[in-house]
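Please look through the following structure, first at a pair of helices and then at the way the domains meet.

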Amino acid sequence: MSPAPSTAAAADPRPSLEALDRAAAPPVLHLEGLGAPVRVASLELLRTGRHFLVRARSTDGAEAVIVPNEDRMHDVYPVFLNRVAPFFVGKDARDLERLLEEVYREGSNYKFQGLALWVPVAAVEFALLELLGQTARRPVTDLLGGARRRDIAIYQASGNRGNTPAQEIEYLRKIVAESGARALKFRLGGRMSKNADSLPGRTETLIPLARETFGPEMTLLADANSSYDVPKGIEIGKLMEQHQYGFYEEPVPFDHLDETKQVADALRIPVAWGEQEFSMWGFRWMIHHRGMDIVQPDLHYFGGLIRSTRVARMAAEAGLTCTLHMGGTGLGYLDALHFMACVPNPYAFQEYKGPSGLPVACVTSSLQPRDGVVRVPSGPGFGYTLDPEFVKQAKPM
Ligand SMILES: [Mg+2]
């Protein structure tokens, strides 16, 4: 008798690495209507006080001003000035996808992989997408293949640790009341703390208390920020399962890839992961091995919308969902809306960290949540305008 066909493939529904590569590979940008080169005449980093802006100009006189990740730019701006921006000057912005590959290799920039490289690259990517959008008079969502949705349901996250469970519940009530969000996230454990809690017993009290307080309709999410080892991570995850939580973020140290997978394998609750992953290959490995259930690239930390789209595509191929991590400053919450409008496989909620306090005007969206939903801007580029007076105050570095 001939042996039965191998059941290994049938028992393991994970897509092959080749299938992930095929999913990620097609061009992300749709450049219809951009028949002529959009030559980059200049790329400047501007600063006013603690704020950074990036201004791109084309040789045809188009101008784009965007907000990079301000907090991180404080520390990494020399990489922007010395290594990243000069590479793009003189190039055709329509070649952005290819240029993103090349800038990684240029001058051994890959040695800087991490926030140091990708925050500046993302800043350039955003500026050039804005330049392309302004030139074509089309929204960034069109450049990314078209918006699949215009309204994004948001969740609000608490950044607190170390307060009492009662104080945290009070805070969560407040932020949910302000936005009408139907999902919220709070912090577990002690952050990179080898199982120590920020306050003894806080986590074990807060998990059931939040459910009791907000009722069965609220989607509850929680972030351990790498607090646990595998056994403790599983124990906390099971407590979240008992109380029907939506996802469990970064249970164990973020770069413990196999340990993250061990926790994900042991739990029914989806594990979310990816905010400190800087390598496309790292995401590919984790998606292939199903090391997590929800991928969470950060648009700025990971180098922009195009790279993050490829991660979302690989996740979709594996039947996983995507929601972005949100670095706190600037207009990251608006950048995230454009991305989440376009991905094929969004998680039900996207984190919202607006408004920013920056003087920004938008005619197609209030940029604020109403009943827990924010409208994606639909004007040219990213669809917002920074106050020209504010931009004028910002000086080139
Ligand atoms: Mg997190």
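Is the crossing of α11 and α12 left-handed or right-handed? In this predicted model, the crossing of these two helices, α11 and α12, is right-handed. Helix α11 covers residues 280-288 and helix α12 covers residues 305-317, and their axes, which come within 10 Å of one another, cross at roughly 10°. Because angles under 35 degrees count as roughly parallel, α11 is described as roughly parallel to α12.

The residues that bring the two helices together can be named on both sides: α11 contributes Met-280, Phe-283, Arg-284 and Ile-287, and these meet Arg-307, Arg-310, Val-311, Met-314 and Ala-315 of α12. Sorted by character, the residues of this contact comprise 6 nonpolar and 3 charged ones, with no polar residue among them.

From this pair of helices we turn to the division into domains. The domain assignment of the protein gives a domain 1 made of two segments, 40-138 and 388-396, and a domain 2 that spans 147-379. The C-alpha centres of domain 1 and domain 2 lie 27 Å apart, and the contact between them involves 19 residues of domain 1 and 20 residues of domain 2.

On the side of domain 1 that touches domain 2, at least two residues come from each of α3 (70-88), α4 (96-105) and α5 (115-136), and it is α5 that gives the most, with 8 residues. The residues on that side of domain 1 divide into 11 nonpolar, 3 polar and 5 charged.

Note on methods:
Residues are numbered from 1 along each chain as its sequence is written. This is a predicted model: local features need pLDDT of at least 70, side-chain atom pairs count only at pLDDT 80 or more; totals for chains, interfaces and linings use all residues. Domain bounds come from an automatic or database domain assignment. Two residues are in contact if their C-beta atoms, placed from the backbone, lie within 7 Å. Helices (H or I, at least four residues) and strands (E, at least two) are DSSP runs, numbered from the N terminus. Ala, Val, Leu, Ile, Met, Phe, Trp, Tyr, Cys and Pro count as nonpolar, Asp, Glu, Lys and Arg as charged, and the others, Gly among them, as polar. Axes are lines fitted to C-alpha atoms, for helices over the stretch in contact, and angles run from 0 to 180 degrees between N-to-C directions. Angles under 35 degrees count as roughly parallel, over 145 as roughly antiparallel, 65 to 115 as roughly perpendicular and the rest as oblique. A crossing is left-handed if the near helix is turned anticlockwise from the far one by less than a right angle, and right-handed if clockwise.
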